[in-house]
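Please work through the exercises below with the sequence and the 3D structure at hand, and try each task before reading its solution.

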Amino acid sequence: MTTIWVNEQLDPSGMIYACIACCNESQAKDCHESFKQNLTQEQKAWGWVARLRTVNSWDEVPVNALKLD
């Protein structure tokens, strides 16, 4: 079973604004830090979030994700 790391930036309504998925944990964590740092204070105040999660299948990755392997 493969672990796939999914980085998402979500707007206040829960819509995915940006999504990158990869199998490399280190790369995923670096990407997550970048996603968090790229959110402005205003976006954070409005409820934007950066989320890092794992899934076990590419079928579970959002269709609009940039998929890196």
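The exercises that follow concern a predicted model, and each one is solved step by step.

**Exercise 1.** Find which residues make up the largest nonpolar core, and which strands each supply at least two of them.

*Solution.* The largest nonpolar core has 7 residues, namely Ile4, Val6, Cys19, Ala21, Val55, Val61 and Ala65. Turning to the strands, β1 (4–10) and β2 (16–22) each supply at least two residues of this core. There is also a second, separate core of 6 residues, among them Ile20, Cys31, Phe35 and Trp48.

**Exercise 2.** Work out how many aromatic pairs there are, and what geometry is found between tyrosine 17 and tryptophan 48.

*Solution.* The count comes to 1 aromatic pair. Tyrosine 17 and tryptophan 48 form an edge-to-face pair, with 5.1 Å from centre to centre and 80° between the planes; edge-to-face applies because planes over 60 degrees apart are counted that way. Since tyrosine 17 belongs to strand β2 while tryptophan 48 sits in the loop between α2 (41–46) and β3 (49–55), the pair ties together parts that are 31 residues apart in sequence.

**Exercise 3.** Decide whether tyrosine 17, tryptophan 48 and methionine 1 are each buried or exposed.

*Solution.* The cut-offs needed are under 20% relative accessible area for buried and over 50% for exposed. Tyrosine 17, at 58% relative accessibility, therefore counts as exposed, whereas tryptophan 48, at 14%, counts as buried. Methionine 1, which is found in the segment before β1, has 86% relative accessibility and so counts as exposed.

Conventions
Residues numbered from 1 in each chain as written. Predicted model: local features only at pLDDT ≥ 70, side-chain atom pairs only at ≥ 80, totals over all residues. Heavy atoms only, no water. Core = buried A, V, L, I, M, F, W, Y, C linked by side-chain atoms within 4.5 Å. Buried < 20%, exposed > 50% of the residue type's maximum accessible area, 1.4 Å probe, protein only. Helix = DSSP H or I, 4+ residues; strand = E, 2+ residues; numbered from the N terminus. Phe/Tyr/Trp six-rings, centres within 6.5 Å; stacked < 30°, edge-to-face > 60°.
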